[in-house]
Amino acid sequence: MVEDVMGMQMAQLQTNYSYGLMKRAMDDTESQAISLINDMVAAVPAPAQYSFDVWA
């Protein structure tokens, strides 16, 4: 009986640890994606102040 409880507690600890690692990895990936998006937005030049049409 005690062994079953200990085994269940160990399984719960391993599950919680795995979820913690997965959450950390997902948070890191989200941070990298946001940084990449911000870099791409900054690389796009601002639109021209004036626009004109050219007719041939």
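Is Ala-33 buried, exposed or partly exposed? Select Ala-33 to begin: its relative accessibility is 37%, so it counts as partly exposed. This is a predicted model, and the tour below should be read with that in mind.

**The whole chain**

Zoom out and show the chain as a cartoon. The secondary structure amounts to one helix and zero strands. Turn the C-alpha trace onto its principal axes, and the spans come to about 90 × 20 × 10 Å. The radius of gyration is 26 Å, where a compact globule of 56 residues would have one near 10 Å.

Now switch on the surface. About 5,800 Å² of the protein is accessible, and carbon and sulfur atoms account for 64% of that area. Colour by burial next: of the 56 residues, 0% count as buried.

**The start of the chain**

Select Met-1, which sits in the segment before H1. Met-1 has a relative accessible area of 80% and is therefore exposed; the cut-off for that class is over 50%. Add Ser-51 to the selection and draw a distance between the two C-alpha atoms. Met-1 and Ser-51 are separated by 50 residues in sequence and by 80 Å in space.

**Along helix H1**

Move on to Thr-15, a residue of helix H1. At 34% relative accessibility, Thr-15 is classed as partly exposed. A C-alpha to C-alpha line from Thr-15 to Ala-42 is 41 Å long and covers 27 residues of sequence.

Next, select Lys-23 and Asp-27 and show their side chains. Both residues belong to helix H1 and are four residues apart, about one turn of the helix. What joins their side chains? A salt bridge does, with 3.0 Å from N to O. Side chains of opposite charge can pair when their charged atoms come close. The distance lies inside the 4 Å limit used for a salt bridge, and the count by this rule is one.

The two partners can also be compared by exposure class. Lys-23 is exposed, because its relative accessible area is 52% and the class begins over 50%. Asp-27, with a relative accessible area of 34%, is partly exposed.

Return to Ala-33, the residue from the opening question, which is also found in helix H1. Add Val-54 to the selection. From Ala-33 to Val-54 the sequence separation is 21 residues, and their C-alpha atoms are 40 Å apart.

**The nonpolar patch**

For the last stop, select Leu-36, Ile-37, Met-40 and Val-41 and show their surface. Together these residues make a nonpolar surface patch of about 400 Å². Where does Met-40, one of the patch residues, lie in the secondary structure? Met-40 is in helix H1, which runs over residues 2-43.

To finish, keep the patch residues and the Lys-23 and Asp-27 pair on display together. The view then holds the nonpolar patch and the salt bridge.

Conventions. Residues numbered from 1 in each chain as written. Predicted model: local features only at pLDDT ≥ 70, side-chain atom pairs only at ≥ 80, totals over all residues. Heavy atoms only, no water. Patch = residues over 30% accessible without salt bridge, like charges linked within 9 Å, V, L, I, M, F, W, Y side chains within 5 Å. Areas by Shrake-Rupley, 256 points an atom, 1.4 Å probe, with all protein chains shown as cover. Helix = DSSP H or I, 4+ residues; strand = E, 2+ residues; numbered from the N terminus. Buried < 20%, exposed > 50% of the residue type's maximum accessible area, 1.4 Å probe, protein only. Rg over C-alpha atoms; globule rule 2.2 N^0.38 Å.
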